[in-house]
Amino acid sequence: MDCLFCKIVAGEIPSTKVYEDDYTYAFRDINLQAPVHVLVVPRQHVANVLEGAQVDGLMQHMADTVAQVVRLEGLEKNGFRVIMNTGEDAMQTVKHLHMHVLGGRKLGIEMG
Ligand code: 5GP
Ligand code: ZN
C-alpha cells in the first residue's frame with residue numbers, strides 16, 4: 001500500500017522517534033507547529049479514528065502512547081493538545097490514523 005505513515009513505521013522513510021511499542025510509533029512532525037509536535041500512529045494501517053474504533057484495543061494503545069509521549073516531553077504540568085484531523089473538512093492529508101500531540105507554548109484557538 002502506498003501510505004506515507006506505513007513507510008515511516010516500516011523504517012523505509014526516516015523519522016525522529018520519540019517512543020515506540022508493539023502497537024504504536026511516535027515521531028516528530030516534519031513541520032513543527034509548536035515546540036513539541038509529535039505524531040502518534042498505530043503500526044496497523046487504519047485510515048482514521050472511525051476505522052480505528054472498530055479494532056479492539058487500538059484506540060486504548062493510542063491513548064497509552066500519548067501518555068508516554070506527554071511524560072517523555074514533559075508536558076504534564078503545562079498541558080498539551082491532541083488533534084485527530086479526519087476527512088476533508090479537517091484537511092486530513094495523510095490517510096493513516098495519527099494523533100498530533102502539541103505543546104511547549106500557549107496554543108491558539110486553531111491547531112497551531
Ligand atoms: P494531517 O494534516 O493529515 O492531520 O497531518 C499530517 C502531518 O504529517 C502534517 O502535520 C505533516 O507535517 C506531517 N508529515 C507529512 N509528511 C511527513 C514526513 O515525511 N515526515 C514527518 N515526520 N511528518 C510528515
Ligand atoms: Zn498506513
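**The zinc site**

Which residues coordinate the zinc ion (ligand 2)? Cys-3 (SG), Cys-6 (SG), His-45 (ND1) and His-96 (ND1) do the job, at 2.0 to 2.3 Å. Donors here are N, O and S atoms within 2.8 Å of the metal (3.2 Å for Na, K and Ca), and since water is not among the atoms, sites may look incomplete. This is a predicted model, in which local features need pLDDT of at least 70 and side-chain atom pairs count only at pLDDT 80 or more, while totals for chains, interfaces and linings use all residues. As for bookkeeping, residues are numbered from 1 along each chain as its sequence is written, chains are lettered from A and ligands numbered from 1 in the order in which they are written, and side-chain values use heavy atoms, with hydrogens and water left out.

The four donor atoms of the zinc ion (ligand 2) make angles of 106 to 115°, and the site is tetrahedral. For four donors, that label asks for all angles to lie between 85 and 135 degrees. Along the chain, the donors follow the spacing C-x2-C-x38-H-x50-H. The two histidines link distant parts of the chain, 51 residues apart: His-45 sits in the loop between strand 3 (36-42) and helix 2 (49-52), and His-96 in the loop between strand 4 (80-83) and strand 5 (99-103). Helices (H or I, at least four residues) and strands (E, at least two) are DSSP runs, numbered from the N terminus.

Are these histidines buried or exposed? His-45 counts as partly exposed, at 25% relative accessibility, whereas His-96 is buried, with a relative accessible area of 0%. The cut-offs are under 20% relative accessible area for buried, over 50% for exposed and in between for partly exposed (1.4 Å probe, protein chains only).

**Aromatic rings**

There are two aromatic pairs in the structure. Phe-5 and Phe-27 make an edge-to-face one, 5.5 Å centre to centre with 80° between the planes. Phe-5 belongs to helix 1 (residues 4-9) and Phe-27 to strand 2 (residues 24-28), so this pair ties together parts that are 22 residues apart in sequence. Both rings belong to buried residues: Phe-5 has 5% relative accessibility, and Phe-27 has 3%.

The other pair is Tyr-25 with Phe-27; their ring centres are 5.5 Å apart and their planes at 20°, so they are stacked. Tyr-25 and Phe-27 are both buried. Put together, ring pairs link Phe-5, Tyr-25 and Phe-27 into a cluster. The rule is that rings of Phe, Tyr and Trp (its six-membered ring) pair if their centres lie within 6.5 Å, with planes under 30 degrees apart counted as stacked, over 60 as edge-to-face and the rest as tilted.

**Nonpolar cores**

In soluble globular proteins, nonpolar side chains tend to be buried together. Here the largest nonpolar core has 16 residues, and those with the most contacts inside it are Ala-26, Val-38, Val-40, Met-62, Val-66, Val-69 and Val-101. Strand 1 (17-20), strand 3, helix 3 (58-73) and strand 5 each chip in at least two residues, and helix 3 gives the most, with five. A core is a set of buried Ala, Val, Leu, Ile, Met, Phe, Trp, Tyr and Cys residues joined through side-chain atoms within 4.5 Å.

Leaving aside residues up to four places away in sequence, Ala-26 touches Thr-16, Lys-17, Val-18, Tyr-19, Val-38, Leu-39, Val-40, Thr-65 and Val-69; contact means heavy atoms within 4.5 Å. A second, separate core of nine residues includes Val-9, Phe-27, Val-41 and Val-94.

**Polar contacts and a loop**

His-100 is in strand 5 and counts as buried, at 7% relative accessibility. Its side chain makes a polar contact with the side chain of His-37 (2.8 Å). Such a contact is a pair of N or O atoms within 3.5 Å; within protein, one must be able to donate a hydrogen and the other to accept it, and residues adjacent in sequence count only if both atoms are side-chain atoms.

Over in the loop between strand 4 and strand 5 you'll find Gln-92, buried at 8% relative accessibility. The side chain of Gln-92 reaches the backbone oxygen of Ala-47 at 3.1 Å. Met-91 lies in that loop too, between strand 4 and strand 5, but counts as exposed, at 65% relative accessibility. Most residues other than glycine have a negative phi. Met-91 has a positive one, near 60°.

Conventions:
Four donors count as tetrahedral if all angles lie between 85 and 135 degrees; four count as square planar and six as octahedral if opposite donors are over 155 degrees apart and all others between 65 and 115; anything else is irregular.
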